[in-house]
Amino acid sequence: MKSRLMAIWNFYVEGFRAMTWGRQLWLLILLKVVILFVLLRGFFFRPTLAGKSEEQRIEYIGNQLTKR
Amino acid sequence: MVETALVDWSRLQFALTAGYHWLFVPLTLGLAVIMATMESIYVATGDEFWKRTTKFWMKIFAINFAVGIATGIILEFEFGTNWSNYSWFVGDIFGAPLAIEGIFAFFMEATFFAVMFFGWEKVSKRFHLAATWLTGIGAAISAVWILIANAWMQNPVGMEFNPDTVRHEMVDFWALVFNPVAVSKFFHSVFSGWMTGAIFVIGISSWYLLKRRETRFALSSIRVAAIVGIVGTLAVMFSGDSSGVHAAKYQPMKLAAAEGLEEGGPRAPFSIVPGVEIPAMLSILATHDVDGYVPGINNILDGYTTPDGERHLSADEKIERGRIALEAFASYRELKDSDPEAAAVARQTLDENIEYFGYGYIDSKEELVPPVTLVYWAFRVMVYVGGFLLMLMVVVLWLERRNRLKDMRWLLWVAMLSIPLVYLAGQAGWIVAEVGRQPWVIDGLLPVKAAVSSVSVAVVQTTFWLFVAIFTLFLVIEMRIMIKAIKQGPNIETK
């Protein structure tokens, strides 16, 4: 079992080490993830219902739907 | 009352992100099938040429995948921030199933993607081939639930509204999964991806032929891509036919808008362009019956009775029942703790009128008509461009088989310049589906103006322009990397 897990681990490690043009793509993915989760999610996309309990959410949405 | 500007900017923002996401998804779906087919030929014949051909298209697949990955996450952010009323109201359909699917598809893709790229010399040929096919299947699977959710919004089945939680709850899982709209939407979307992949491969291969480079690689790629593309396009046509029948049945206003049909009836005509019609063709397409009744915009607004005697309420009657439902919902919430008997009456009134709940937010019946000109032309762009691309693939395949394609330079130019057209057709299809169902987020249950969160318009405008900047940047980066990889080429003939 342990040797099988090691083989899988080595498969990924060697694969990443042998990458040529793929490194550029990984950098791109990392850059995008940072922009998405740190910049956008952190500063601009706070869920409207965040910090509310289940009851408060029901109350809030109920009011939103009946008072429009 | 929410501001119109807030609704419009929120819609624009969502349309931008969804449209951007759909630039990458279809190419992933289509290229996966094409490169898996090429690798299957390699495994069957043992010819190293096919291995190199597969590897080149795999590289293009990876570039597209890397830039497209996680673009769908932005839509999730928007659900929580800009569409919180909607996200809560839909209940079970989003959330857990979407998360499970995402995790399943992620692990499936992460595992087989790694084998596909790292495993050429490390696993057996057959195992590698299985990994390539499973990467493609994983990509298609990751589209299943989001399309089921989208189909539910077009034709809400299998769920019931619970006024205590203000959410919809699943009551019939299989009705939801096998919602007819979901089935045709899934196949229509996935096979349109095959078309996209095929036209992309044919276009790039044509460029190599124009440059008189990689001739065998280009012609072989064109052959495989054209076959996949023709099969995909035929499947798109069949699933599109089902979509038309479903639109007639569940969203007649969308169909009437797509046709610009003001007054309908039996033997309804299909509009080729404004002023040019094929008699009875719309009835055939929408009902598979030359005498089939297709209501027009005015019929739907004024109410109509189909030849089999089924009466459809007018817009005013639906709006009235919607207001009754909304008032009953408000009364139920107010009375449920203080006066259970009165609350039970309100609940019953709500249940009897829930089908028209969303109409309670509609101020005038004109609001129920989607932007006709946009939907009409988007439909025609989708269909005519799709028809042109099918013809192109048939002609290209025919000439390739007769060894005449590489000398038809004008046709190679046409094929190369058709790459943007397939994207145009895909985007136009989504415009028909999504603009055509306006004003609804959930058909009959929730209009966009009730679904949008009470957030500042300025914040939505800021994020919209931020997205424009970020998306443009990533698109430029992707195109540069892709063009570089294409210019470099597979270098098969120099090996």
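This note covers the contact between chain A and chain B, then salt bridges and a few residues within chain B.

1. Basis. The model is predicted, so local features need pLDDT of at least 70 and side-chain atom pairs count only at pLDDT 80 or more, while totals for chains, interfaces and linings use all residues. Residues are numbered from 1 along each chain as its sequence is written, chains are lettered from A and ligands numbered from 1 in the order in which they are written, and side-chain values use heavy atoms, with hydrogens and water left out.

2. Extent of the interface. Chain B brings 55 residues into contact with 37 residues of chain A; contact means heavy atoms within 4.5 Å. The size of an interface is often given as the accessible area lost when the parts come together. Here the two chains bury about 3900 Å² between them, and 75% of this is on carbon and sulfur atoms. Buried area is the accessible area (1.4 Å probe) that two parts lose on being put together, summed over both. Within chain B, the most area is lost to chain A by F77(B), W88(B) and F118(B), which together make up 18% of what that side buries.

3. Polar links across the interface. The rule finds two salt bridges between chain B and chain A, a salt bridge being a side-chain nitrogen of Lys or Arg within 4 Å of a carboxyl oxygen of Asp or Glu. E59(A) and R333(B) meet in a salt bridge through their side chains, at 3.5 Å from N to O. There are also 13 residue pairs in polar contact across the interface, both residues at pLDDT 80 or more. A polar contact is a pair of N or O atoms within 3.5 Å; within protein, one must be able to donate a hydrogen and the other to accept it, and residues adjacent in sequence count only if both atoms are side-chain atoms.

4. Elements on the chain B side. The elements of chain B that give two or more residues to the side touching chain A include helix 2 (48-68), helix 5 (96-118), helix 14 (315-335) and helix 20 (457-488). Helices (H or I, at least four residues) and strands (E, at least two) are DSSP runs, numbered from the N terminus. Helix 20 of chain B gives the most to this side, with eight residues. By class, the side has 34 nonpolar, 15 polar and six charged residues. Ala, Val, Leu, Ile, Met, Phe, Trp, Tyr, Cys and Pro count as nonpolar, Asp, Glu, Lys and Arg as charged, and the others, Gly among them, as polar.

5. Salt bridge E400(B)–R223(B). Over all chains, the search finds 15 salt bridges. In one of them, the side chains of E400(B) and R223(B) meet at 3.2 Å, N to O. The pair links distant parts of the chain, with E400(B) in helix 16 (residues 372-401) and R223(B) in helix 10 (residues 215-250) of chain B, 177 residues apart. E400(B) counts as buried because its relative accessibility is 8%, whereas R223(B) is partly exposed at 26%. Buried means under 20% relative accessible area, exposed over 50%, and partly exposed in between (1.4 Å probe, protein chains only). R223(B), E400(B) and R401(B) are linked in a network of salt bridges.

6. Salt bridge K449(B)–D363(B). The side chains of K449(B) and D363(B) form a salt bridge at 3.0 Å, N to O. K449(B) is in helix 19 of chain B and D363(B) in the loop between helix 15 and helix 16, 86 residues apart. At 18% relative accessibility K449(B) is buried, and D363(B) is partly exposed at 46%.

7. Two buried threonines. T135(B) lies in helix 6 (residues 125-141) of chain B and is buried, with 1% relative accessibility. A polar atom of its side chain lies 2.8 Å from the backbone oxygen of A131(B). Leaving aside neighbours within four places in sequence, T135(B) is in contact with F61(B), E109(B), F112(B), F113(B) and M116(B). T196(B), in helix 9 (residues 180-210) of chain B, is buried at 4%. With the neighbours within four places in sequence again left aside, T196(B) contacts P26(B), L27(B), V422(B) and Y423(B).

8. P447(B). This residue is in strand 10 (residues 446-447) of chain B and is buried at 1% relative accessibility. Outside its neighbours within four places in sequence, the contacts of P447(B) include G358(B), Y361(B) and W440(B). P447(B) and K487(B) are 40 residues apart in sequence and 48 Å apart in space, C-alpha to C-alpha.
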